[in-house]
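These exercises go with the sequence and structure shown below. Try each task before reading its solution.

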Amino acid sequence: MERIPVAIIAATGSVGQRFVQLLDGHPWFEVVALTGSDGRVGQSYAETHWVLTDPMPEYARNLPVVPSTPEAANAPIVFSALPSKYATEIEANFARAGVGVFTNAGAYRRDPTVPILVPEVNAEQLALLPTQRKEKGWPGFIITNPNCTSMGMTVALKALDDAFGVRRAFSVSLQAISGAGYPGVASLDILDNVIPFIDGEEEKVEWEPRKMIGKVVDGTLQLANFQLSVHTNRVAVSDGHTVCLSVEFDREPSPAEAVEVLADYQAPESARDLPFTPRPVIFVHPDQDRPQPRLDRMTGKGMTTVVGRVRPDPLFHLKMVVLSHNTIRGAAGGSIYNAEVCVREGLIK
Ligand SMILES: NC(=O)c1ccc[n+]([C@@H]2O[C@H](COP(=O)([O-])OP(=O)(O)OC[C@H]3O[C@@H](n4cnc5c(N)ncnc54)[C@H](OP(=O)(O)O)[C@@H]3O)[C@@H](O)[C@H]2O)c1
């Protein structure tokens, strides 16, 4: 098939660079434009301070940095890595111009007409798009990713909720430095240290999984009715967010039953067999000291949620450890997977 032109908005930052890397050679999408802030416009993308370990792809070296406008991007799909404070206005401009926007910014996550899409969890929430288009008057649309810490734990909670009914959960995160963007946290703050505060993060992680696991009834989203208590911490890990999770259920499973449900969990039909479908969706690591970010974050090319240490919890029913790659599954790779589902569903004109 002829590849669909796509643009990366805010292509110069930590998540923008992941998009540039992951879209290199994508079978369906061809990157035709890279945007940056006003100060970067007109420069060659090759001048970007590249922070990934693989070299900058050749196609990107040859593109100029252009403004973040629909005219300059000139593509029916854009992938946005904008900071939230700029995303509200810029992403709406694209949707108003008929573009499908797949964003990592938090600006629209609380909007009841905007899906926080994780295809293996809630592909059916694409049913919100007609309501979004009608209410906003946009011929295009906006679909968001979750916050990167919500990602892995929501995949695990969804599998467990379907089987046993989640009543409430408690979690403690150990979040990688790359989650704060580039240059992110100062090295003198994070080396030999744990920072027990990430501004606004706990509120996001206590709410977003309830939206993602919620149901769309007559075009309106109803939040899942379980409760979450969340602690978030920054640790000296480069990539990969770890979440220690305790869960209470409506029907208490044994650890072995929970492991079977997690390992067997499948994406719905519409989200299977796409280029970025996680293979497997969840990997349950059998070793007692896993998952570990350095060893396990690239499972399934960084798209798989890795779970381990599923065991009884004396206060809740079960506890476990969940790992997800924050800039791949929790950001750029997640958006690309979302766009693939929308192309398959015929939502891109
Ligand atoms: N890092 C993660 O793990 C992660 C995960 C999920 C979601 N997110 C979200 O993804 C977004 C990007 O995060 P990040 O970690 O990539 O941050 P980052 O490294 O700070 O990059 C943000 C980039 O945005 C660019 N920018 C600023 N204003 C712009 C404009 N008007 N037009 C175009 N580009 C503009 C800046 O580029 P210049 O070089 O042009 O100044 C900067 O490089 C944020 O909303 C963040 O919350 C991040």
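**Exercise 1.** Is proline 293 buried or exposed?

*Solution.* Two notes on the model come first. Residues are numbered from 1 along each chain as its sequence is written. The model is predicted: local features need pLDDT of at least 70, side-chain atom pairs count only at pLDDT 80 or more, and totals for chains, interfaces and linings use all residues.

Step 1: recall the rule. A residue is buried if 20 or more other C-beta atoms lie within 10 Å of its own, exposed if 12 or fewer, and partly exposed in between, with C-beta atoms placed from the backbone.

Step 2: apply the rule. Proline 293 has 22 other C-beta atoms within 10 Å, so it is buried.

Step 3: place the residue. Proline 293 is found in helix 11 (residues 293-296). Helices (H or I, at least four residues) and strands (E, at least two) are DSSP runs, numbered from the N terminus.

Step 4: list its contacts. Two residues are in contact if their C-beta atoms, placed from the backbone, lie within 7 Å. Leaving out residues up to four places away in sequence, proline 293 touches Ala176, Val237, Asp239, Gly240, Thr242 and Leu323. Leucine 323 is 30 residues apart from proline 293 along the chain, yet 6.9 Å separate their C-alpha atoms.

**Exercise 2.** Describe the two domains and the contact between them.

*Solution.* Step 1: the protein is divided into domain 1 (4-147 + 331-344) and domain 2 (149-325); the bounds come from an automatic or database domain assignment.

Step 2: the centres of domain 1 and domain 2, taken over C-alpha atoms, are separated by 24 Å. Domain 1 puts 31 residues into the contact and domain 2 puts in 30 residues.

Step 3: on the side of domain 1 that touches domain 2, the elements giving two or more residues are helix 5 (119-122), helix 6 and helix 12. Helix 12 gives the most, with 7 residues.

**Exercise 3.** Where does the largest nonpolar core lie?

*Solution.* Step 1: a nonpolar core is a set of buried Ala, Val, Leu, Ile, Met, Phe, Trp, Tyr and Cys residues joined through C-beta atoms within 7 Å. The largest one has 97 residues, and Ile8, Phe19, Val78, Ala156 and Ile282 have the most contacts inside it.

Step 2: helix 7 (residues 148-164) gives the largest share of this core, 9 residues. Both domain 1 and domain 2 give residues to the core, so it lies between them.

**Exercise 4.** How many residues surround the ligand?

*Solution.* Step 1: a residue is near a molecule if its C-beta atom, placed from the backbone, lies within 6 Å of it. There are 29 residues around the ligand, the closest being Gly13, Val15, Gly36, Ser37 and Gly181.

Step 2: the largest share of this shell, 3 residues, comes from helix 1.

Step 3: domain 1 and domain 2 both give residues to the shell around the ligand, so the shell lies between them.

**Exercise 5.** Look for unusual backbone angles.

*Solution.* Step 1: most residues other than glycine have a negative phi, and most peptide bonds are trans.

Step 2: tyrosine 182 and proline 183 are joined by a cis peptide bond, with omega about 0 degrees. The bond from arginine 290 to proline 291 is also cis, with omega near 5 degrees.

Step 3: asparagine 74 has a positive phi, near 50 degrees, and lies in the loop between helix 3 and strand 4. Lysine 301 has a positive phi of about 55 degrees, and 14 other C-beta atoms within 10 Å make it partly exposed.
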